[in-house]
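Visitor: I am new to reading protein structures. Could you walk me through this one, feature by feature?

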Amino acid sequence: MKRAATLRLLSDLGDFSGAARLRELLAADPALRVRCSADGRHLLLLRRPGAPAPQLLVAVRGPGAELERAWPAGHPPPLDAFFLPWPARPALVLVWESGLTEVWSAGVGPGWRLLQSTELCPSGDARVVAVAAPRGRLVWCEEPQAGAEDRPGPPTAPFSCRVCVRTLEPSGEAVPTLGRTHTLLHHCPPFGLLASRRDLFLVPSAAHWPGVAHIVLIWSPGKGRVVVAAPCLGLAHSKSLNPGRGDTWDFRILLRGLPGLLSPRQPLAVHTWTPAPQGLLFLDFRGAVSLVQPHGGARLVGTLQEAPVDHPQGSAALGTFHGTLACVLGSTLELLDMGSGQLLERKVLNTNSVHLLEPPAPSLEDEEELEARGGLRLLSAMGLFRVGWEAPQGLELPSAVDMVFEEACGYYQRRSLRGAQLTPEELRHNSTFRAPQTLASILQGHLPPAPLLTTLRAELRDYRGLEQLKAQLVAGDEEEPGWTELAEHEVARLLKTELMGDQLAQLNTIFQVFPTAAWSAVHRALQLQPDRDGGLTSQAPPDVWKKVLGGTAVGKEPPNGVLPPFELLCQCLCKLDPRWLPPFVQLAQQQGGPGWGAGSPGLPLYRRALAVLGEEGARPEALELELLLSSGRPKAVLQAVGQLVQKEQWQRALEAGLALSPSSLLLRSEIFKLLLAEFAQHRRLDTHFPLLCRLCPPDLTPAELLHLLQTHLPDEPGPPSPFPQPGAEPTLTVGLLRALLEQTGVQGRPSGPVLSLYEDILWDSSTPPPTPPRGPMTTLQAPSHPGFCVPDSR
């Protein structure tokens with residue numbers, strides 16, 4: 001049976017603040033730039049430079065005040081504006097050509113307020129030519145102004161731009177602020193920037209140098225790579241590019257290493273670029289729509305019946321849904337199958353100015369939007385419409401009441417001793433469990449509304465959204481982004497439940513199949529952010545950490561290989577980015593509370609993380625060392641220092657002891673004794689002797705120091721010799737020990753009588769010791785030899 005496309009009115013714009021002005025701008029200016037917030041409640045309209053006032057309008061659906069701004073002559077409007085994907089409350093970023101950037105937020109009260117104002121180009125010698133806001137970042141392409149000192153001259157002018165990025169970091173306002181600037185590309189032409197859900201596309205602009213106007217760059221922040229692609233040649237090449245590690249590329253050097261991509265070609269004649277979940281869509285002037293995929297490959301999707309020759313460049317609107325390409329050109333809407341390119345349906349609209357919008361986030365939709373999820377939204381002066389396919393016959397979503405009873409069945413089944421399976425029908429008709437019937441009656445409206453009603457409806461919307469997404473995936477619609485979205489939602493939902501039994505097994509399965517999406521959901525749930533010292537911070541409540549740090553009982557293996565949440569996260573980090581595992585374990589140790597490891601009270605978190613790395617001897621040595629050193633546990637630190645000593649990494653062993661010893665004098669003493677034993681046996685520690693002196697415990701006396709050295713001195717094979725044998729290692733001398741002996745003598749000098757036979761010789765007093773008292777001389781007995789006499793003292 002042939003599917004039929006439907007166009008349904010979602011809103012006549014009357015429920016938006018400033019509805020009259022919103023309709024006026026949509027009808028008057030077809031070249032408007034329209035953006036929608038993630039929750040679907042905010043619409044942003046930005047007019048091109050030179051348009052009459054107002055140039056910016058942010059309308060709000062439901063309660064809230066609109067934001068309307070106009071700039072007088074001589075003060076151009078922003079180059080672009082974006083909504084920030086932040087869950088607390090909507091935030092807006094405005095970027096001017098001069099580099100001025102403002103961050104606005106809709107506060108708790110009515111109205112908007114300015115949170116931050118900064119300069120993307122602090123020196124003032126550059127202008128922004130393009131800007132984009134992929135998830136968690138602000139990326140822009142800047143071009144030096146004429147006369148700038150760093151502009152070498154006309155020969156290199158076509159490659160004088162650079163592409164920079166700044167991350168969005170949390171602040172006390174619960175809205176992200178802009179972090180430090182990192183440079184992605186040097187010496188590049190002026191690129192246009194387009195952001196999809198996961199990737200950033202750098203496309204040729206009107207000012208592009210003709211020799212490279214067929215090159216498209218694709219930066220994937222999540223994978224840490226950039227793909228250089230030539231769609232017309234069918235060629236692509238991938239390079240590493242991770243700003244977090246300081247990676248940056250010179251565009252000219254990048255292309256010199258890829259001579260095959262520089263084959264003489266005509267510039268890409270593109271009418272409209274549009275990012276999509278599957279990649280980058282572009283419409284050429286002949287009406288052909290092509291798709292550039294994230295790995296750099298390109299393919300033809302289909303050809304429109306009407307070529308966009310008579311339409312202004314960039315005036316078409318492209319979008320995808322359910323494996324369908326939607327293209328609005330003038331007053332015509334064409335729907336094409338993305339697999340075969342076949343024209344499915346063609347509709348004539350009542351207006352020439354239509355903008356395509358993506359659907360809002362599923363967890364924030366109302367009931368009507370949830371039912372229409374998966375389609376595209378069309379915005380015009382006539383209202384907000386939804387275009388999509390009619391639901392197939394036989395597809396019935398579970399009702400809210402049914403889902404209440406299904407959840408209750410699983411809840412009571414886990415806590416009861418009965419062996420028979422509990423069913424929703426039994427809960428409906430049996431009066432044993434009254435809670436599910438009460439909740440169902442609340443949802444059916446039999447009882448007056450209560451605060452619980454809002455919470456239940458939000459939870460059930462999430463459940464129903466997941467069920468509908470599963471139904472779409474079974475039908476084969478948008479497989480890759482759909483599965484990723486489903487994994488993120490499932491992990492977020494499971495973290496709100498009691499992670500045991502089936503829930504824990506399901507969490508393990510998601511992490512095995514979709515590790516990146518699962519970690520992304522946990523990253524948001526724990527609110528993880530890097531700090532300046534290379535560690536991690538978290539603003540998540542203790543309840544979330546309590547679920548994450550829960551483990552199994554001591555000595556018991558997880559059933560069927562199912563890992564507890566903490567081990568699961570450690571295993572996932574080892575696969576994705578092992579360098580963040582030690583900071584994560586260190587943060588987890590700080591977040592853990594007494595009794596949280598009820599299943600494993602005597603097992604530290606660093607040992608649980610080490611178990612994930614494999615058996616002892618088969619673990620990555622560098623990662624094992626970092627885990628032991630960052631644990632802060634005395635036994636683990638001593639084990640790590642012992643491994644460093646075996647590898648003769650003296651400098652790192654001493655630095656680790658100095659960094660960790662202030663928290664424990666006993667640990668400091670043990671590390672010092674370990675290294676002093678090595679110092680007594682060979683001379684390879686002599687160059688690090690100043691650090692060894694700093695590590696010396698303050699309460700160590702010279703006698704104890706000499707006793708420790710004597711214990712570890714190597715046995716001499718023969719009588720001592722004043723000079724070592726040729727080729728033999730020099731032995732320990734008092735001269736080498738002088739500084740350490742003086743330090744222990746000063747630190748341990750007693751206030752009373754001398755306690756050691758050696759301590760008095762270490763103190764160099766300024767005056768000689770006093771003369772002993774003289775007593776009366778005694779008469780010595782005369783010897784037996786004659787002629788030898790002793791004079792009388794009298």
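Visitor: What share of the contacts with a separation of 6 or more comes from residues 24 or more positions apart?

Guide: Here we ask whether touching residues sit far from each other along the chain. In this predicted model, residues 24 or more positions apart make up 52% of the contacts with a separation of 6 or more. The protein has 21 helices and 32 strands.

Visitor: How many of the residues are buried?

Guide: Buried residues make up 45% of the 794 residues. To judge a single residue, look at its relative accessible area: under 20% is buried, over 50% is exposed, and in between is partly exposed.

Visitor: Let me try that on two serines. Is S37 buried or exposed?

Guide: S37 has a relative accessible area of 7%, so S37 is buried. You will find S37 in the loop between β2 (33-36) and β3 (42-46). Setting aside residues up to four places away in sequence, S37 touches H42 and F83.

Visitor: And where is S98?

Guide: S98 also belongs to a loop, the one between β7 (91-95) and β8 (100-106). With a relative accessible area of 44%, S98 is partly exposed. Beyond its neighbours within four places in sequence, S98 is in contact with E119 and A126. You can also compare sequence and space: S98 and D125 are 27 residues apart in sequence, while their C-alpha atoms are 9.1 Å apart.

Visitor: Now for strands. How many bridges join β14 to β15?

Guide: To read a strand pair, check its bridges and its direction. Five bridges join β14 (residues 191-195) to β15 (residues 200-204), and the two strands run antiparallel. As an example of one bridge, G192 has V203 in β15 as its partner. With four residues between them, β14 and β15 form a hairpin.

Visitor: How many aromatic pairs does the whole structure contain?

Guide: A search of the whole structure finds seven. For each pair, look at the distance between ring centres and the angle between planes. F159 and F251 have ring centres 6.1 Å apart and planes at 25 degrees, so this pair is stacked. F159 lies in the loop between β11 (137-144) and β12 (161-169) and F251 in helix α2 (residues 251-256), so the pair ties together parts that are 92 residues apart in sequence. Both F159 and F251 are buried.

Visitor: What are the distance and angle for F566 and F584?

Guide: That pair is stacked too, at 6.1 Å centre to centre and 15 degrees between the planes. F566 is in helix α12 (residues 565-576) and F584 in helix α13 (residues 581-591), so the pair ties together parts that are 18 residues apart in sequence. Both F566 and F584 are buried. They belong to one aromatic cluster with W519 and W545.

Visitor: Last topic: pockets. What volume does the second largest pocket have?

Guide: Its volume is about 990 Å³. After the volume, look at the lining: 32 residues line the second largest pocket, and E407, A408, Y411, Y463 and T497 lie nearest its centre.

Visitor: Which helix gives the most to that lining?

Guide: That is α4, with twelve residues. Helices supplying at least two residues each include α4 (400-415), α7 (451-474) and α9 (502-513). By type, the lining of the second largest pocket divides into 16 nonpolar, seven polar and nine charged residues.

Conventions. Residues are numbered from 1 along each chain as its sequence is written. This is a predicted model: local features need pLDDT of at least 70, side-chain atom pairs count only at pLDDT 80 or more; totals for chains, interfaces and linings use all residues. Side-chain values use heavy atoms; hydrogens and water are left out. Rings of Phe, Tyr and Trp (its six-membered ring) pair if their centres lie within 6.5 Å; planes under 30 degrees apart count as stacked, over 60 as edge-to-face and the rest as tilted. Buried means under 20% relative accessible area, exposed over 50%, partly exposed in between (1.4 Å probe, protein chains only). Two strands pair if DSSP finds at least two bridges between them. On a 1 Å grid over the protein atoms alone, a cavity is a set of points where a 1.4 Å probe fits but cannot get out, and a pocket is an open set with protein on both sides within 12 Å along at least five of seven lines; lining residues have an atom within 4 Å of a point. Grid points are joined across faces, edges and corners, and a volume is the space filled by probe spheres set on the points. Ala, Val, Leu, Ile, Met, Phe, Trp, Tyr, Cys and Pro count as nonpolar, Asp, Glu, Lys and Arg as charged, and the others, Gly among them, as polar. Contact means heavy atoms within 4.5 Å.
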